[in-house]
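The following exercises practise the reading of a protein structure step by step. Each task is followed by a worked solution.

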Amino acid sequence: MSALDPVLLSLLSIFGGVLVTVLGGFLGVWMQHRRAHMAWLRERRYEAYVGAYALIKSFDLNRYKTLKIAARGRRLSRSGSLPTAMR
């Protein structure tokens, strides 16, 4: 087995270290990008759920108010307190 030239050995060490450093940097950037994207998705999903919940609550509130008004109208029409034009 022949020994490598000391200059070649030092160049391989230098460029090998640079390559490992660059690849490690790209790996770190990629991992951070994935984390940030997942956080962004989580935030958008939360906003969608909050909006859907508010919409459902508003439908429920409107339904409750409609039923309450209808019940009051039936109660008033049975008691005879509505004007004749509204009967």
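A residue counts as buried when its relative accessible area is under 20%, as exposed when this value is over 50%, and as partly exposed in between. The structure shown is a predicted model.

**Exercise 1.** Determine what share of the residues is buried, and state how many helices and strands the protein has.

*Solution.*
Step 1. The protein contains 87 residues, and buried residues make up 1% of them.
Step 2. The protein has one helix and zero strands. This helix, H1, covers residues 6–79.
Step 3. The surface that the protein exposes amounts to about 8,200 Å², of which carbon and sulfur atoms supply 70%.

**Exercise 2.** Identify the salt bridges of the structure and describe how they are connected.

*Solution.*
Step 1. A search of the whole structure finds two salt bridges. As general background, side chains of opposite charge can pair when their charged atoms come close.
Step 2. One salt bridge joins the side chains of Glu43 and Arg44, with an N to O distance of 3.0 Å.
Step 3. Another joins the side chains of Glu47 and Arg44, at 3.3 Å from N to O. Glu47 and Arg44 are separated by about one helical turn because they are three residues apart in helix H1.
Step 4. Glu43, Arg44 and Glu47 are thus linked in a network of salt bridges.
Step 5. The accessibility of each member can now be classified. Glu43 has a relative accessible area of 43% and is therefore partly exposed. Arg44 is partly exposed at 30%, and Glu47 is partly exposed at 43%.

**Exercise 3.** Which residues form the positive surface patch, and is Arg72 buried, partly exposed or exposed?

*Solution.*
Step 1. The positive surface patch is formed by Lys68, Arg72, Arg74, Arg75 and Arg78.
Step 2. Arg72 lies in helix H1.
Step 3. The relative accessibility of Arg72 is 44%, so Arg72 counts as partly exposed.

**Exercise 4.** Describe the nonpolar patch on the surface and classify Phe15 by its accessibility.

*Solution.*
Step 1. The nonpolar patch consists of Val7, Leu11, Ile14, Phe15, Val18, Leu19, Val22, Leu23 and Phe26.
Step 2. Together, these residues have about 890 Å² of accessible area.
Step 3. Phe15, a member of this patch, lies in helix H1.
Step 4. With a relative accessible area of 57%, Phe15 is exposed, because the cut-off for this class is over 50%.

How values were computed
Residues numbered from 1 in each chain as written. Predicted model: local features only at pLDDT ≥ 70, side-chain atom pairs only at ≥ 80, totals over all residues. Heavy atoms only, no water. Patch = residues over 30% accessible without salt bridge, like charges linked within 9 Å, V, L, I, M, F, W, Y side chains within 5 Å. Areas by Shrake-Rupley, 256 points an atom, 1.4 Å probe, with all protein chains shown as cover. Salt bridge = Lys/Arg side-chain N within 4 Å of Asp/Glu carboxyl O. Lys, Arg positive; Asp, Glu negative; His and termini not counted. Charge placed at Lys NZ, Arg CZ, Asp CG, Glu CD. Helix = DSSP H or I, 4+ residues; strand = E, 2+ residues; numbered from the N terminus. Buried < 20%, exposed > 50% of the residue type's maximum accessible area, 1.4 Å probe, protein only.
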